[in-house]
Amino acid sequence: MVSSVGAPSLVDVVSRLYNEYNTKTPQKLKIIDAYLGYIMITGVIQFVYCCLVGTFPFNSFLSGFISTVASFVLGVCLRIQSNPQNTAVFKDITVERAFADFIFAHCVLHLVVLNFIG
């Protein structure tokens, strides 16, 4: 389907994006993408809950929301470092090292979050 201007339609673009993602993306990156989607949905649910119900107790809401945002950022960092197309940028960092950094940063993050809850 091509529109009258000659540009591909939205359906064609989404279909091509989906097909190329399925064929060219390694399984490890798909798992990380699923984790990022889960974290994003969790953050959206927390935000909607805050808007509908309220923020009492505020420290609990804030620490939970900060935890989801920070987990998403750490997941994106892991995805960038694990992507085979970025091996030239991250020459000295192996996939195992990136995952170990991810786990260590998560441990520190959750210690801070637990301290913040009170």
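Colleague: Before we look at this predicted model, what does "buried" mean?
Modeller: Happy to start there! The word rests on relative accessible area, worked out with a 1.4 Å probe. A residue counts as buried when that value is under 20%.

Colleague: Is H106 buried or exposed?
Modeller: Let's place H106 first: it sits in helix α4. Its relative accessible area is 10%. The cut-off for burial is under 20%, so H106 is buried.

Colleague: Which residues does H106 touch, leaving out those up to four places away in sequence?
Modeller: Setting those sequence neighbours aside, H106 in α4 has three names to remember. They are Y35, S71 and L74.

Colleague: Which helices do the buried residues of α3 pack against?
Modeller: Start with who is buried in α3: F61, S63, G64, S67, T68, S71, G75, L78 and S82. Together, the buried residues of this helix pack against α2 and α4.

Colleague: How far apart are the end C-alpha atoms of α3?
Modeller: Good one to reason through! Helix α3 covers residues 58-82, which is 25 residues. At 1.5 Å a residue, the expected span is 36 Å. The model agrees, because the end C-alpha atoms are 36 Å apart.

Colleague: Which element gives the largest share of the largest nonpolar core?
Modeller: That core has six residues: L29, I32, L36, L78, A98 and F102. Two elements, α2 (27-53) and α4 (95-117), each give two or more of them. The largest share, three residues, comes from α2.

Colleague: And which residues does L36 touch, again without those up to four places away in sequence?
Modeller: L36 is one of the core residues we just listed. Beyond its sequence neighbours, L36 touches F72, G75, V76 and R79.

Definitions and conventions:
Residues are numbered from 1 along each chain as its sequence is written. This is a predicted model: local features need pLDDT of at least 70, side-chain atom pairs count only at pLDDT 80 or more; totals for chains, interfaces and linings use all residues. Side-chain values use heavy atoms; hydrogens and water are left out. A nonpolar core is a set of buried Ala, Val, Leu, Ile, Met, Phe, Trp, Tyr and Cys residues joined through side-chain atoms within 4.5 Å. Buried means under 20% relative accessible area, exposed over 50%, partly exposed in between (1.4 Å probe, protein chains only). Helices (H or I, at least four residues) and strands (E, at least two) are DSSP runs, numbered from the N terminus. Contact means heavy atoms within 4.5 Å. The expected span of a helix is 1.5 Å times one less than its number of residues.
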